[in-house]
Amino acid sequence: MSKKLKLTLIISPILIIFLYFFTALYSFHQFHKGIYYNDKKLIKDYVEWDDLRENFKNYINIQLLKETQKSDELKDLGELGVLLTGLAGKFVETIVDTYLNPEGLSMLIENSEKKDEIPEPTFLTLIGGFTIMDFNSLSSFYITYENEGQAFPVFFNRKGLTWKITQIEFPENLMKGMK
């Protein structure tokens with residue numbers, strides 16, 4: 001075998017692996033830039049909004065169902081209690097559809113008291129992103145966002161050469177703080 005062919009066979013897999021990880025890092029970094037600069041286009045490009053909305057609706061509906069099963073008042077209402085829970089779920093779904101989008105996230109960022117705590121995106125944050133990424137498959141990784149002692153795993157899934165946020169796992173006790 002010629003030296004060029006051997007070199008190509010050695011370098012090609014290394015280059016492919018590097019590019020694979022770099023696309024994940026780059027997508028995460030671009031989303032970070034979108035949050036830091038409150039750039040609606042970047043936020044829109046790196047979030048799979050339909051999947052994220054569905055994830056959030058499912059979480060809220062499950063929490064409503066759990067609260068309904070615990071509530072003696074709703075149990076006493078019988079079928080009317082189930083109807084009220086269903087209506088509350090539909091109301092929440094409408095709110096999620098209306099506000100869980102790039103414009104809604106941008107508004108939350110503008111009004112956030114913690115926006116000054118977000119580190120400025122730099123080359124170091126791009127490379128440092130690798131330390132907080134946990135790959136759970138060849139097409140998925142997550143980072144864990146922590147806020148006030150609660151952990152929120154944020155999942156990115158590969159879509160071609162880019163990676164998009166598709167799911168956020170919410171702690172079981174998140175709704176208790178909202179009562």
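## Charged side chains

How many positive and negative side chains does the protein chain have, and how far apart do the centres of the two sets lie? In this predicted model, there are 20 positive and 24 negative side chains. The centres of the two sets lie 11 Å apart.

## Overall build

The protein chain contains 7 helices and 4 strands. Read from the N terminus, the order of the elements is α-α-α-α-α-α-α-β-β-β-β. The chain is more spread out than a compact globule, because its radius of gyration is 21 Å, well over the 16 Å that the globule rule gives for 179 residues. Along the principal axes, the C-alpha atoms fill a box of roughly 80 × 40 × 30 Å.

## Burial, surface and contacts

Of the 179 residues in the protein chain, 31% are buried. The accessible surface amounts to about 12,100 Å², and carbon and sulfur atoms hold 62% of that surface. Among contacts with a separation of 6 or more, 57% are between residues 24 or more positions apart.

## Strand pairing

Strand 1, residues 134-137, runs antiparallel to strand 2, residues 140-147, and 3 bridges join them. These strands form a hairpin with 2 residues between them. Within this pairing, F135 stands opposite F141 of strand 2.

Strand 2 also pairs with strand 3, residues 150-159, in the antiparallel sense, over 8 bridges. One of the bridge partners here is Q150 in strand 3, which is matched with N147. The hairpin of strand 2 and strand 3 likewise has 2 residues between the strands, and in it E148 takes a positive phi near 50 degrees.

How values were computed
Residues numbered from 1 in each chain as written. Predicted model: local features only at pLDDT ≥ 70, side-chain atom pairs only at ≥ 80, totals over all residues. Heavy atoms only, no water. Rg over C-alpha atoms; globule rule 2.2 N^0.38 Å. Buried < 20%, exposed > 50% of the residue type's maximum accessible area, 1.4 Å probe, protein only. Contact = heavy atoms within 4.5 Å. Areas by Shrake-Rupley, 256 points an atom, 1.4 Å probe, with all protein chains shown as cover. Lys, Arg positive; Asp, Glu negative; His and termini not counted. Charge placed at Lys NZ, Arg CZ, Asp CG, Glu CD. Pairing = 2+ DSSP bridges.
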